[in-house]
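Open your viewer and get ready to make a few selections. We will go from the whole chain to the inside, and then out to the surface.

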Amino acid sequence: MGGAVVDTGDSGVKAPDGGWGWAVLFGCFVITGFSYAFPKAVSVFFKELIREFGVGYSDTAWISSILLAMLYGSGPICSILVNRFGCRPVMMVGGLFASLGMILASFSTSIIHIYLSTGVITGLGLALNFQPSLIMLNRYFSEKRPLANGLAAAGSPVALCCLSPLGQVLQYKYGWRGGFLILGGILLNCCACGALMRPLKAPKKTSEVDEKEKKSKPKPKLLDFTVFKDCGFLIYTVAAAIMVLGLFVPPVFVVSYAKELGNEDTKSALLLTILGFIDIFARPTCGIIAGLKWVRPRCVYLFSFAMIFNGTTDLIGSMAKDYPSLVVFCIFFGISYGMVGALQFEVLMAIVGTEKFSSAIGLVLLVEAIAVLVGPPGAGRILDATKNYMFVFLLAGCEVVLAALVLAICNMLFIKRKPQQPDPPAKMEMAITETEMEELNKEPKDNQDNGGGDNGKKQAIEHEAMAKSDDKKVEEPESIGVDSIEVENTSKKMTEPNGVVVEPESSL
């Protein structure tokens with residue numbers, strides 16, 4: 001790997017909350033859009049594929065299902081690769097895989113070939129981009145992280161509004177083979193987004209650590225299963241699995257529901273456009289609200305409220321009997337769906353922290369993959385048995401509300417309130433302070449041959465620094481870095497130009 005920087009996440013760098021982080025946010029916005037919207041955009045070509053290969057709609061629907069299964073199910077693999085090689089190289093390779101899958105699919109001679117190329121290869125490529133982009137976003141933003149998550153999540157509805165019409169145009173002009181080839185070229189933009197994920201480098205003072213200390217540090221785990229010891233993570237994982245069972249059901253069936261009520265195809269498809277348009281604005285707005293000082297510590301309960309809002313919307317929407325009522329349903333569903341999308345990864349980041357997030361998100365996505373494969377097909381079987389969309393929406397609403405209750409109630413009962421640990425920036429400042437103190441303590445030893453008074457100076461500085469640091473640790477961790485700088489400046493003033501060492505008291 002030569003001189004490549006591997007971003008292990010423990011670089012001792014304060015999250016910039018801006019600067020190059022905005023470029024990282026843009027890359028995450030694009031990657032999120034491709035990851036969530038591409039499986040839906042591919043459905044535009046299903047009619048041509050049915051005519052080409054003589055298969056049924058259920059056979060072509062497996063393409064989107066395999067895409068989603070790879071996106072969620074390969075989470076642990078992505079975590080291992082990120083912890084081993086870093087986010088940037090994994091995303092670059094993922095972009096090549098995503099593009100290669102669509103290019104190979106354009107030469108397919110059977111539906112099985114499309115399963116393997118578009119479903120497996122492209123799905124794996126999107127997964128290798130999606131998860132690392134969220135990890136890098138978590139490292140670049142701390143105070144503004146809720147807003148950053150909301151803006152990045154808005155990439156999903158924006159890309160859906162763009163990719164679906166683009167797919168229709170490509171199919172009309174170039175056929176499905178030409179459309180797949182062009183989409184493969186578009187997916188090469190994932191490589192460009194991966195190039196934006198520049199690793200954070202440690203400052204010089206913290207990077208100049210003794211080799212012995214580096215060797216004594218344990219190697220980072222490729223997949224950290226200790227997150228399962230965290231009660232908050234377990235509660236979140238169970239709630240997320242229940243939520244995913246019903247979260248994606250209404251967008252899948254709302255168009256068919258409108259057609260069942262006797263509406264035209266174009267009029268029915270307009271419902272998804274309304275839902276996506278509302279979703280675009282709901283996600284950043286929710287991110288701003290989640291970033292407020294009095295809301296952020298209670299972000300878990302805001303997430304629970306968003307799920308209750310979404311589930312209640314499904315329950316009320318099940319009683320819709322005409323097109324205007326479905327429009328109202330899509331408006332409120334778009335708001336609640338956007339809130340859930342903006343908060344789901346923000347809450348996970350807050351629960352597990354930066355160091356374990358790369359492993360935690362992979363394990364959560366693996367659990368959600370099972371629910372994604374079970375949820376919509378299970379709702380379809382209920383629809384086949386009852387011939388009534390009301391029961392589909394009722395089941396979806398009950399599942400999402402149940403997930404909200406599990407998250408909120410278990411969090412209140414089993415998660416004890418404890419003082420918030422210092423954010424990664426505070427921990428990093430403390431690490432830098434310790435390094436500065438070590439260098440400060442070494443200086444008097446090197447200057448022992450220059451004259452007397454060094455021992456007294458060293459003891460006075462150490463005593464004063466320890467007293468100040470103990471007092472400041474009780475008040476604010478951020479102020480520790482200021483004390484070290486003051487001590488360092490004081491030590492510089494101890495030696496006169498003629499080489500005579502002067503005590504601080506004698507210089508007054």
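Here is a short tour, one selection at a time.

**The whole protein**

Begin with everything shown as a cartoon, and keep in mind that this is a predicted model. Colour by secondary structure and you will find 20 helices and zero strands. Of the 508 residues in the protein, 48% count as buried. Now think about contacts between residues with a separation of 6 or more: 84% of these link residues 24 or more positions apart. If you switch on the surface, its accessible area comes to about 25,100 Å², and carbon and sulfur atoms hold 64% of that.

**Into the core**

Next, select Phe-38, Phe-303, Met-307 and Leu-348. These four touch the most other members of the largest nonpolar core, a set of 121 residues. Add residues 323-386 to the view: this is helix 16, which gives the core its largest share, 26 residues. As background, nonpolar side chains tend to be buried together in soluble globular proteins.

Stay with Phe-303 and show its surroundings. Which residues is Phe-303 in contact with, leaving aside its neighbours within four places in sequence? They are Tyr-236, Met-243, Val-340, Leu-343, Gln-344, Val-347 and Leu-407.

**A serine on helix 16**

Now move along to Ser-358, which also has its place in helix 16. Is Ser-358 buried or exposed? Its relative accessibility is 3%, under the 20% cut-off, so Ser-358 counts as buried. Show side chains here and look for Asn-83: a polar contact of 2.8 Å joins its side chain to that of Ser-358. Beyond the neighbours within four places in sequence, Ser-358 is in contact with Ser-79, Asn-83, Gln-131 and Ile-135.

**Out to the surface**

For the last stop, select Tyr-301, Ile-308, Leu-405, Ile-409, Met-412, Leu-413 and Phe-414. Together they make a nonpolar surface patch of about 700 Å². Colour helix 15 (299-317) and helix 17 (389-414), the elements that give two or more residues to this patch. Which helix provides the largest share of the patch? That is helix 17, with five residues.

Finish by zooming in on Phe-414, found in helix 17. Why does Phe-414 count as exposed? Because its relative accessibility is 53%, and the exposed class is for values over 50%. Flip back to Ser-358 to end with a contrast: Ser-358 is buried, whereas Phe-414 is exposed.

How values were computed: Residues numbered from 1 in each chain as written. Predicted model: local features only at pLDDT ≥ 70, side-chain atom pairs only at ≥ 80, totals over all residues. Heavy atoms only, no water. Helix = DSSP H or I, 4+ residues; strand = E, 2+ residues; numbered from the N terminus. Buried < 20%, exposed > 50% of the residue type's maximum accessible area, 1.4 Å probe, protein only. Contact = heavy atoms within 4.5 Å. Areas by Shrake-Rupley, 256 points an atom, 1.4 Å probe, with all protein chains shown as cover. Core = buried A, V, L, I, M, F, W, Y, C linked by side-chain atoms within 4.5 Å. Polar contact = N/O pair within 3.5 Å; in protein donor to acceptor, adjacent residues only side chain to side chain. Patch = residues over 30% accessible without salt bridge, like charges linked within 9 Å, V, L, I, M, F, W, Y side chains within 5 Å. Salt bridge = Lys/Arg side-chain N within 4 Å of Asp/Glu carboxyl O.
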